[in-house]
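Biologist: Hi, could you walk me through this model before I head back to the bench? I'd like the overall fold and then the ligands.

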Amino acid sequence: MPRDLILGTAGHIDHGKTSLVKVLTGIDCDRLPEEKARGITIDIGFANLDLGDVRLGIVDVPGHERFVKNMLAGATGIDLALLVVAADDSVMPQTREHLEILKLLGIRNGLIALTKADLVDETTRDVVGLELRELVRGSFLEDAPIIPTSAHTGLGITELKDALREMCLRVGGEEPNTPAPLPEGKGERQPNPLTPSL
Ligand SMILES: Nc1nc2c(ncn2[C@@H]2O[C@H](COP(=O)(O)OP(=O)(O)O)[C@@H](O)[C@H]2O)c(=O)[nH]1
Ligand SMILES: [Mg+2]
């Protein structure tokens, strides 16, 4: 039986979250006409990724500070986070804010994608990598792999899929996706006390 887990994106606006989900899954999460017209994510979008023995549901969130409540709605209930940071922009306000939200939500597993790696040289990539390590020190992402990717050239996409699958197998092994237990006797349908009996 494949494992089913939910992955949520996180990170600053324009850092390449939606493009990365599209190149991973073929699905464009920016589906609203306003999102298409403005070229930004406003509401959460959904995609799915079949990795063989792992099936991932993906929630793509907006990075704009004005839509942080939608990010919060999307991130609530995810199993894993994919923190996205653009190599040409490094850590920005919503990188920090989204990481804080993920921490508050108690998310315990995730990966970091260093997106737009095609736009920078190796030295810049390394410097941004160091800034990222500093950012996530002491958090659930402290030891998370940082995977350079490019939605334009396809760099790192296979590596990202492999890392996602590996993480899902590890996480799924620790915490099997079992339904939350119901209190004794509450599993059966109870009469609604507000409905008058005839
Ligand atoms: N050069 C380059 N541009 C990218 C890459 N990923 C995204 N972009 C561009 O960055 C802009 C923002 O991307 P988007 O996926 O909407 O970012 P989001 O706001 O984080 O979802 C778009 O113009 C993309 O074409 C990448 O890997 N390389
Ligand atoms: Mg987006």
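Modeller: Happy to! Helices (H or I, at least four residues) and strands (E, at least two) are DSSP runs, numbered from the N terminus. By that rule the protein chain has six helices and six strands. This is a predicted model, where local features need pLDDT of at least 70, side-chain atom pairs count only at pLDDT 80 or more, and totals for chains, interfaces and linings use all residues. Residues are numbered from 1 along each chain as its sequence is written, chains are lettered from A and ligands numbered from 1 in the order in which they are written, and side-chain values use heavy atoms, with hydrogens and water left out.

Biologist: In what pattern do the helices and strands follow along the sequence?

Modeller: The protein chain reads β-α-α-β-β-α-β-α-β-α-β-α.

Biologist: And how much of the chain counts as buried?

Modeller: The figure is 44% of the 198 residues. Buried means under 20% relative accessible area, exposed over 50%, and partly exposed in between (1.4 Å probe, protein chains only).

Biologist: Now the metal. Which residues are the protein donors of the magnesium ion?

Modeller: T18 and T41 are, each through OG1, at 2.0 to 2.1 Å from the magnesium ion (ligand 2). T18 belongs to helix α1 (residues 17-25) and T41 to the loop between α2 (33-38) and β2 (45-50), so the pair ties together parts 23 residues apart in sequence. Donors here are N, O and S atoms within 2.8 Å of the metal (3.2 Å for Na, K and Ca); water is not among the atoms, so sites may look incomplete.

Biologist: Is T18 buried or exposed? What about T41?

Modeller: T18 counts as buried because its relative accessibility is 14%. T41 is buried as well, at 10%.

Biologist: On to ligand 1. Which residues are closest to it?

Modeller: The closest are D14, K17, S19, D118 and A151, out of 15 residues that surround ligand 1. A residue counts as near if one of its heavy atoms lies within 4 Å of the molecule.

Biologist: Any polar contacts worth a look?

Modeller: Here are three, taking a polar contact as a pair of N or O atoms within 3.5 Å (within protein, one must be able to donate a hydrogen and the other to accept it, and residues adjacent in sequence count only if both atoms are side-chain atoms). The side chain of S19 has an N or O atom 2.6 Å from an oxygen atom of ligand 1. For H15, a backbone N or O atom lies 3.2 Å from an oxygen atom of ligand 1. H152 has a polar side-chain atom 3.4 Å from a nitrogen atom of the ligand.

Biologist: Switching topic, what is special about the phi of S90?

Modeller: Phi of S90 is positive, about 60°, although S90 is not a glycine. S90 is found in the loop between β4 (80-86) and α4 (93-104), and counts as buried at 8% relative accessibility.

Biologist: And where is K116?

Modeller: K116 is in the loop between β5 (110-115) and α5 (122-136). Its phi is also positive, near 60°, in a residue other than glycine, and K116 is partly exposed at 28%. A117 lies in the loop between β5 and α5 too, but A117 is buried at 1% relative accessibility.
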